[in-house]
Amino acid sequence: MTRPKRTITRTGSGLCLSGGGYRATLFHLGAARRLNELDLLGDLHAVSSVSGGSLFAGMLATHLPWPLVSSFSRPEWAAFEQAVQRLCSQDLRTRPLLSRLAPWNWLGPGAVERMAALLDPHYGGRALHDLPPAPRFLLCATDLTFGVNWTFSRTLSGDYQAGYLDSECLKMPPALAAATSACFPPLFAPLHHPLKRRDLRRAGKAARDPRYETLLRDLRLNDGGNYDNMGLEPIWKAHELVLVSDGGSSFDFWADKGPLWRLSRYVSVLDAQSRALRRRWLMAGSGGSYSAVYWSVDASVHTYARRLPRDAACLSLGYSRETGALIGRIRTDLNRFSPEEQAILINHGYTVSDAALQAYLPASRRPAPWPSLKVPYPQFDETRARALFSGTRLKRL
C-alpha cells in the first residue's frame, strides 16, 4: 500500500461505498438520500464501491437520470429507493450456491455468473459502457493473480499490474461486475477472467514478468473487500474531498474457542487491522491536501456530538449509541432483508451521515442554511428499533 504522491493535483469530490452485503447497500441508500438533500451527489466526480456497496452503486448508476445539476426530485428518489428495496428483498446467494451442487451444472456457469443473472434485471440489462459519464462509477474487485485492486468502469477496466482494456471491448454487464465485486469467499469461487495481451489498450507493470501471458490467461477476480473493503484507493489518490460510507463488519470480542476457531480469527484480526490502518491514514491526512468525512454503520449520531450544535436535529432523531452498536451487528449477507430491517438501516445511514457531514464537511461545501432533516421511516424510532432486536433476523448469522 503506497502513500499517494503529494505532487498529484487533487480536484473534485469522490464517494467511497464499502462492502457489507445488503446491510451496506441499505445503509448507503440512507446516506445517499441525505447527500442528495445536501446537493452533494451532483458534485461527485467519482463513486468507488466494493461488494454490497457495488450492488448499490450499480443501482445508483442505472436508475437515476445523470448527470445531475443540483439534486434528484422527490419522485425520482422515491422510485429509486423502491427499486433498491426490491433488490434487497431478493435472495442473491442461496440459489446460485445451491445450483452448483447439481451434477448437470458442474460444467456450466459459476455461482458468480448465476448471481449476476439474478442481478441483471435490476440493472436493466445494460453494459458497462452504458454507465453515465459523470460521475465515474468504479466497481472494485480484487485481482487474486496480481494481488491488487481491479476496477470496472465505463471506459477502462483493469489494474496497474495486469493492464487495462476498453470496457466496450470487455462487453461485460455491470451486473457481472457488481457480482464479482460481491463474491465473498469462501462461499463464492472467484471469477475466471482470462485476458490476452493483444486485447489490452495498455499493458500492465507485470508485463516485464516472463510469465505475463500465462498469468493473464489465468486471471481470477473476487470480492473487492479482500483488498480494500472501503473502496478508498481510487478516491483518496486524486480527490480533494473524500466521502466514506462504511457499512462493513465490526470486530467482535471473543474468548478462545480452540485451534479451528483460531484459523478464522487470525484472518479476522488481519482484516480488522488493515481496515483500521486505512481509516487512521484517511483521517490523519484530512485537512492537508484533502478533506475527508467518514461515517460507519456501527457508530451513532452521538459519535459526532462534540462537533455539533446542541439543537442539531440528528441528535434527537438518530438512534442511540446502544442501538447503533446493535445495528452494526446485523448480518452482512445477501439473503432477503425484511422491510423492518431495511427501514432501520436506511434511517441509520441517513442520520449518521448527516451528523458526520455537519461535523466535518469543509465550510466551502456546506449548504446554508443546513437543510432540515426528514427521517425516511419515522415510525421506526428508537423504541421500535430496539424492540425488533429481540428477533433473530437482526442478529448476525
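This tour moves through a set of salt bridges and then stops at one helix residue, with a selection to make at each step.

Keep in mind from the outset that the model is a predicted one. Across the structure as a whole there are 12 salt bridges, and the stops below visit some of them.

**Stop one: R93 and D333.** Select R93 together with D333 and display their side chains; the two form a salt bridge in which the closest N and O atoms are 3.0 Å apart. R93 sits in the loop between α3 (74–87) and α4 (94–99), while D333 sits in the loop between α13 (321–327) and α14 (339–360), so this pair ties together parts of the chain that are 240 residues apart in sequence. If you switch on a surface, bear in mind that R93 counts as buried, with a relative accessibility of 17%, and that D333 is buried as well, at 9%.

**Stop two: E233 and K237.** Next, select E233 and K237, whose side chains meet in a salt bridge with an N to O distance of 3.7 Å. Are these two residues buried or partly exposed? E233 counts as buried because its relative accessibility is 12%, under the 20% cut-off, whereas K237, with a relative accessible area of 29%, is partly exposed.

**Stop three: R365 and E240.** Now move to R365 and E240, where another salt bridge joins the side chains at 3.1 Å, N to O. R365 belongs to the loop between α14 and α15 (382–388), and E240 to the loop between α10 (233–236) and β10 (241–246), so the pair ties together parts that are 125 residues apart in sequence. R365 is partly exposed, with a relative accessible area of 21%, and E240 is likewise partly exposed, at 35% relative accessibility.

**Stop four: a network.** Select R34, E37 and D354 at once, since this view takes in three residues that are joined into one network by salt bridges sharing partners.

**Stop five: A31.** Finally, select A31, which lies in helix α1, spanning residues 21–37. With a relative accessibility of 1%, A31 counts as buried. What does A31 touch, leaving aside residues up to four places away in sequence? Its contacts are S245, W295, G349, Y350 and S353, and showing these side chains around A31 gives a useful last view. To finish, draw a distance between the C-alpha atoms of A31 and V244, which are separated by 10.0 Å although the two residues are 213 residues apart along the chain.

Terms used. Residues numbered from 1 in each chain as written. Predicted model: local features only at pLDDT ≥ 70, side-chain atom pairs only at ≥ 80, totals over all residues. Heavy atoms only, no water. Salt bridge = Lys/Arg side-chain N within 4 Å of Asp/Glu carboxyl O. Helix = DSSP H or I, 4+ residues; strand = E, 2+ residues; numbered from the N terminus. Buried < 20%, exposed > 50% of the residue type's maximum accessible area, 1.4 Å probe, protein only. Contact = heavy atoms within 4.5 Å.
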